[in-house]
Amino acid sequence: QVQLVESGGGLVQAGGSLGLSCAASGSFFSINVMGWYRQAPGKQRELVAQVTSGGDLNYADSVKGRFTLSRDNARNTVYLQMNSLKPEDTAVYYCNAEVKRMRFSPRDIVWGQGTQVTVSP
């Protein structure tokens, strides 16, 4: 089984910063894409940022210039640094990974349990 263990999040005032981390553990062959999604109350889950194993980054327009995603392939971990936070960034943030359990296995999508980020006005 592959697990994504998230840490970070919490409560911060608008304009502040928070960091999230997500580490993959368990048995697997490789991880291609890792990243973060978020879901605010009453809204659909949306992509925040993601990075491939080769380092290609993709950010939602709403977070470009404020959030920075980085990846440590040796530790199978991604880090999301969130600066200049806004109340509209308030959501549950979910780590996401595209995992191949064995060399010729299809890619599975794995989710973390979610961590709350709350930005007060």
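User: Quick one to start: is Asp 89 buried or exposed here?
Analyst: In this predicted model, Asp 89 is buried, since its relative accessible area comes to 1%, and the word buried applies to anything under 20%.

User: OK, and which residue does Asp 89 form a salt bridge with?
Analyst: Its partner is Arg 38, and the closest N and O atoms of the two residues are 3.0 Å apart.

User: Where do Arg 38 and Asp 89 sit along the chain?
Analyst: Arg 38 belongs to strand β4, which covers residues 30-39, while Asp 89 is in the loop between β8 (77-82) and β9 (91-100), so the salt bridge ties together parts that are 51 residues apart in sequence.

User: And Arg 38 itself, buried or exposed?
Analyst: Arg 38 counts as buried, with a relative accessibility of 6%.

User: Switching topic, how many salt bridges are there in the whole structure?
Analyst: A search of the whole structure turns up 7 salt bridges. One of them joins the side chains of Arg 107 and Glu 98, at 3.2 Å from N to O, and another brings together the side chains of Arg 101 and Asp 108, at 2.5 Å from N to O.

User: What about the accessibility of Arg 101 and Asp 108?
Analyst: Arg 101 counts as partly exposed at 31% relative accessibility, and Asp 108 is also partly exposed, with a relative accessible area of 25%.

User: Last thing, which residues are joined into one network by salt bridges that share partners?
Analyst: That network consists of Arg 38, Glu 46, Arg 66 and Asp 89, which are joined by salt bridges that share partners.

Conventions
Residues are numbered from 1 along each chain as its sequence is written. This is a predicted model: local features need pLDDT of at least 70, side-chain atom pairs count only at pLDDT 80 or more; totals for chains, interfaces and linings use all residues. Side-chain values use heavy atoms; hydrogens and water are left out. A salt bridge is a side-chain nitrogen of Lys or Arg within 4 Å of a carboxyl oxygen of Asp or Glu. Helices (H or I, at least four residues) and strands (E, at least two) are DSSP runs, numbered from the N terminus. Buried means under 20% relative accessible area, exposed over 50%, partly exposed in between (1.4 Å probe, protein chains only).
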